[in-house]
Amino acid sequence: MSLGVAYAETPAAAEDASPPAEWSRIVHEDARLGDLKTLDGYFPFQPPGDRTVWENRRERVRRQILVAAGLWPMPPRPELRPVLHGKVDRGDYTVEKVYFESLPGFYVTGNLYRPTKGKAPYPAVLSPHGHWPDGRFYDAGEAQVARDIEKGAERFPVGGRFPIQARCVQLARMGCVVFHYDMIGYADSRQMPHRPGIRPHLNSAERWGFFSPRAELLGQNMLGLQTFNSIRALDFLCGLPDVDPRRIGVTGASGGGTQTFLLCAVDPRPAVSFPAVMVSTAMQGGCTCENACYLRIDTGNVEFAALFAPKPLGMTAADDWTKEIAIKGFPELRQLYGLYDVPELVMAEPLLQFPHNYNYVSRSVMYGWMNRHLGLGLEEPIVEEDFRPLSREEMSVWDAEHPAPPGGEDWETSFLANWWETSRQQMKSLLPTDTANWEEYRRIIGGAFDVILGRAIPEAGEISEERLGEQAADGFRVERLVVRNVARGECVPVLRLVPDQPVGVTAVWVSQEGKNGVWAGPDRPIPLVERLLRAGITVAAVDMFGQGEFTSDGKPWSQARLVKSNDYAGYTFGYNPPLFSQRVHDLLSVTGYFRERHPDDKLWMIGLQGAGRWVAAARAQAGPAIDLAVCDDGDFRFLEVTEMGDPDFLPSAAKFGDLPALMTLSAPLPLWCRVSGAEDQAIIQQCYEAAQGGPNLRLWSELLPDPDADWVNALIEQVPGG
């Protein structure tokens, strides 16, 4: 008779013992084994019925966006030192060329439109352009505008050929200062391509580029840089002497719509938002600049737009992925605005007679929205008038007197290295020296890992169990059970080894081999587990996702699942938790199970021989629900992972202090750990002292699975009566 799956024989005794096939059948019901979610999935938004609940949810989603974008905490903002030149006077408005540094070495470029009539300070509108060819320089061409005029999509040949210029001109004529700026890789933003892709030669510790695994581990992505550019563009606008910083609008279409609602979600300064043809429960944005790891896990674009509530939010839809906004998305947004008693401040105008666009008809809807909510006081309807377009030369920022800055791969790798060093120093400055510093450290570092790991302990009632039988052994019994996270449709196979005389302590055994790690051979636990059982400690061994029962051969997965291999990580991990996080979810489910079913027991979690990385992460999220965490780091660091398909690939983990930082988040609770590196040991000690938990930290030079090891003797002493 076998007690463990590692040496699987169908049990011949104990009538209620379940064969491995029964276990396998159950775990294959796990929802995580289904298709991965993609940007083309379904992303409904269900607003809460309580405003306080929403405010808490809003903080969490806003933090999720910032962590995903690499902007948590916000990077230092160097002095802009904007350069304005090449003014063009069109009578009732002027246009200037603008460039400034958003981060050291990276330049934002664009055009500034100013009204010549009215009285300053003027309201202002920030205008990102989206993925139209050439961006700010976009020319639809004579043939296209002729078709658009025939269909009623455009009024004038000039406005139809140059629709992005058209909205800037009209807004300036309405009395707004308008800044129209480039997305990365468009128009004058030439320092790197918009979608350079994964380049294997740019993924080393010395030289890495955007989209590389290393950049993702450090929280560096295009969406983040582009969002930060939008924030700096707001800095520029609000700093102009002729702008009223209390009356700022933002509008863009398609990818510019994504930039609009992301900026308005994370920056409190905009007063009016109008993302066109982008807010939807369907496709969420196809470009790499619209995706980032963690961004849309358990959320989506409708909820991102909702973060602007209760300020005025206007939208248009077209015959594209936004076509169902009137029945999927807008009713929920209106319900949310109703919590603030202002349902009239959210509007969606479906213009389904047109394909994807920001045409004359759509722009007219936006003009009315800006007029009413920026307090322009103009008579409606506002009719867009013809204008004389700017030539590419009149718009282009760079010339002989204003040469373009350096770009290319060498510049890119240097830029990212400098960005990482700035971030590293920022994280270092957070290391606490007292209780007040500790709270801020916990808010930033703990807040980041809360997003990265994605879950807390399940709520009461979300966990159930399915018992598959039990067998008696010499001095203990083996219970086979499956812990189910009912709310998520997830299963965790558990072997519970219960001594004949339990003392009220359960040790969750976490191993790189799953629950097989407790066995030395058929019917015989490893010596360390045997000693724990003799001391009266119940041992619960688990198969985390991708271990044991989840595999055909019992060996843990060597590769994580990806939406597309060798493609941008954000397309997978922007919608699906990394495998590392999913395994931590299992430990949190098991923690919740034991706390609910055995509330009076002490609960320990032990991870040796490198399994301490999962234990440290689970403890960071579970807090005091785990009475003692024992972690051996196994010399592992996330920054050393070099492939996106690695089971331990955890985007942004290295940015926030890597595995040692996860261990600091146990403070001030009892933690026994073995950590490689004197500097990392000192960081953990410093955090424990600041959190006033110094006596609860024990650093060990070794945490070997030896039943006679010093740490094991000390552990047994913790047992009641031990």
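Before the sheet itself, one term: two strands count as paired if DSSP finds at least two bridges between them. The model I am showing is predicted.

In this model, 9 strands make an open sheet, and the pairing is mixed. The order across the sheet is β1-β2-β3-β5-β4-β6-β7-β8-β9. The edges are β1, residues 83–89, and β9, residues 346–350; each has a single partner strand, so one side of each is left without a neighbour in the sheet. On average, neighbouring strands here are turned by 20° against each other, ignoring direction.

Now some of the pairs. Strand β2, residues 93–103, and strand β3, residues 106–115, are antiparallel and share 10 bridges. In that pair, V95 sits opposite Y113 of β3.

Next, β5. How do β3 and β5 run, parallel or antiparallel? They run antiparallel, with 4 bridges joining them, and G110 stands opposite Y181 in β5. With β4 the sense is parallel, over 5 bridges, and V125 stands opposite V178 in β5.

In a regular strand, side chains alternate between the two faces of the sheet. In β5, V177, F179 and Y181 point one way, while V178 and H180 point the other way. Are these residues buried or exposed? All are buried. That is 5 of the 5 residues of β5, and the strand is mostly covered.

Last, two helices. Helix α7, residues 222–238, lies across β1, β2, β3, β4, β5 and β6, at about 125° to β2. Helix α8, residues 255–266, lies across β4, β5, β6 and β7, and runs at about 140° to β6. Both helices, then, lie across β5.

Conventions
Residues are numbered from 1 along each chain as its sequence is written. This is a predicted model: local features need pLDDT of at least 70, side-chain atom pairs count only at pLDDT 80 or more; totals for chains, interfaces and linings use all residues. Side-chain values use heavy atoms; hydrogens and water are left out. Helices (H or I, at least four residues) and strands (E, at least two) are DSSP runs, numbered from the N terminus. Axes are lines fitted to C-alpha atoms, for helices over the stretch in contact, and angles run from 0 to 180 degrees between N-to-C directions. Contact means heavy atoms within 4.5 Å. Buried means under 20% relative accessible area, exposed over 50%, partly exposed in between (1.4 Å probe, protein chains only).
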